Amino acid sequence: MTTKQLIATLALAGASLGLTGTAQAAATIVINNTNAAGVGFNDTTPATPVGGNPGTTLGAQRLFAFTYAANLWGATLTSSQPIVINASMTPLTCTATSATLGSAGATSSFRNFANAPYANTQYSYALANKLAGAYLGTANAAQITASFNSNLGLNANCLPGRGWYLGLDGNHGTDIDFVVVLLHEMGHGLGFQTFTNGSSGAQSGGFPSIWDRFLMGSATGKLWYEMTNAERAASAISMDKLVWTGPNVTAAIPNVLKFGLASATFSGSAAGAIAGTVRVGEADFGPALGSSPIYGEVMPVTEQTAGAGEGCEPFNATNARAVQGKVAFITLGVCTASTKTRNAENAGAIAVIIGDTVAETAVQPIPLGGWDRTLTIPASRIFLTDAVKLRTALAKRSRTASGVFVSLGRNGGAQYAGADPFGRALMYAPNPFISGSSVSHFDRTMFRNQLMEPNISNDLGQGLIPPTDMTFLLMQDIGW
Amino acid sequence: MKKTISVSAGALALAFTLLAPLSASAGEAMRVVRDPVTGEMRGPTAAEAAAFAKAEAQLRLGSGSKAIVKTPVEIRYADGTVETKLDEDSMMFSVVSANEDGTLNFDCLPAQEAKQFMKDKAPAKSASKAKAAAKVKHDH
């Protein structure tokens, strides 16, 4: 096996990536390419340079993108010790419709090392090295191990046609942005996680993670390291009652998150049971809901061809007449939400409400995914229960009027989207517990979307710092 | 400086103690073995040295998923530092699935949940079950 070691140079990161605000940052990231000759990062299949990635083979492009992502982290973090990543691209589990994209994690945690800010507290390897100012453990040992799927999109049994986008410019279209996935997983490897089991509440080896000193259950006011196992387990499924208390993240919230909860306020003589304000999930595409609400009459869109799905075809005269100058109500499914929104926009609608088809237990509908960045009207999702009420209210409409009106905007509460009323960042605490996804991610209700939410949103950039992202600030809270 | 590796599974029949020259961050260490018969510390036999090298290679997690340690291991250093070797369960996995409408669901899960996620998506599942599973995660 050939092993190739790369040092992700800060010169590249600082000069060509245009990073700001971290001029004093300096961390050298060493990438150990552990792939054998001819595969993974050494794949010699010819490739055309794409999106700023100059590689001319598949392997070279993969390695360049990996190095690029490492450089983004390296230019942001500060450490006197090198951060070694053992990296490979290998075939991982796939089906025609799903895939394991990759994995990453710290290889060790440390406690009670020299200069540790807290005794008996677990720190991820790279962070422990930084705080100790020394290379702990075995000489030259890697701090992070990372492996990503080399088959993605390349054969019929591995999500065909939906491969890695290896460009550096974020123009991934319907492909999967390799750099963003790398940034997310590297973040976990660098310390964006607790080693405490959220499902059982048990601490790793009986000791709290540094993470647990900033994670608080707002229902009890206790930090995680102060809780019993049972209290931690309950806190991990408390939905909007799990918050981050680190000062750096808290201070940045007004600069990063939108103020006001995205919501729809229904009114009118025919509103019936839907009258009032409900939470909505925003879309990754189109304009975001703003502080100035969009107001209009709601009109439903009917399916034009049986089985084609509501709103999935260019609107016929009946649908176009109904939604002209109004807010279109369309049921989720069959085609993408962005396709429905595109058709509604072309027919003259001013906004779109997508009614969910599946019930879920969350405080807010999840965002609408999509990648069309040319849409000019907003779209949002409402819960299934609200969709049923709205459809009932619209049942007695005429062809051009319903008597149901909606105000779409950020008027759902005096707090930031993804923060609690006291301005603390919400951490992901779904009920039922989703191991791993839970606790070690920002909450999915954050808007703007954040890199370290459990899902990869299509509108994510590559920023790690404000005004776009709070990932690095959380890392600073834990000691970076 | 001295460090002790504790392996809680039966991967090693003996308790190995490493004598490193300077600090927790020092490099190659001298190896001594507690003799299972006499209880005395001595240099390893060739077989013991080979077994140790194999175990240590696994601990380094250095060559991809095949080298991931399955059993948590703690190493205690003389200066009080404690290292916990992390196994696959501490790693985070990104997974993705395609919806009927062509959009993708992303999630970030630990190893066991990621395996279950892929198992649920396997073709062997009935169409109705797969469809139901897809609807549960409907991030489109």
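These questions and answers ask how some terms apply to this predicted model.

The model is predicted: local features need pLDDT of at least 70, side-chain atom pairs count only at pLDDT 80 or more, and totals for chains, interfaces and linings use all residues. Residues are numbered from 1 along each chain as its sequence is written, while chains are lettered from A and ligands numbered from 1 in the order in which they are written.

Q: What makes a residue part of the contact of chain B and chain A, and how many residues does each chain give?
A: Two residues are in contact if their C-beta atoms, placed from the backbone, lie within 7 Å. By this rule the contact takes 63 residues from chain A and 48 residues from chain B. On the chain B side, β6 (82-85), β7 (92-98), β8 (104-110) and α2 (111-121) each supply at least two residues. The most come from β7(B), with 7 residues.

Q: What makes a residue on this side of chain B nonpolar, polar or charged?
A: Ala, Val, Leu, Ile, Met, Phe, Trp, Tyr, Cys and Pro count as nonpolar, Asp, Glu, Lys and Arg as charged, and the others, Gly among them, as polar. The side of chain B that touches chain A then divides into 20 nonpolar, 16 polar and 12 charged residues.

Q: How do you know that β5 of chain A and β6(B) pair?
A: Two strands pair if DSSP finds at least two bridges between them. Strand β5 (residues 108-111) of chain A has 4 bridges to β6(B), so the two count as paired, and they run antiparallel. Arg111(A) has Val82(B) as its bridge partner in β6(B).

Q: Why do β12 of chain A and β21(A) count as paired?
A: Strand β12 (residues 242-244) of chain A and β21(A) share 2 bridges, which meets the requirement of at least two, so they pair, in the antiparallel sense. Val243(A) stands opposite Leu426(A) in β21(A).

Q: Which strands of the open sheet β11-β10-β12-β21 (chain A) are edge strands?
A: β11 (222-223) and β21 (425-426) of chain A are the edge strands, as each pairs on one side only. The sheet has 4 strands and its pairing is antiparallel.

Q: What makes a run of residues a helix or a strand, and how many of each does chain B have?
A: Both are DSSP runs, numbered from the N terminus: helices (H or I) have at least four residues, strands (E) at least two. Chain B has 3 helices and 8 strands, in the pattern β-β-β-β-α-β-β-β-β-α-α.

Q: What makes a residue of chain B buried?
A: A residue is buried if 20 or more other C-beta atoms, placed from the backbone, lie within 10 Å of its own. Of the 140 residues of chain B, 34% count as buried.

Terms used: A residue is buried if 20 or more other C-beta atoms lie within 10 Å of its own, exposed if 12 or fewer, and partly exposed in between; C-beta atoms are placed from the backbone.
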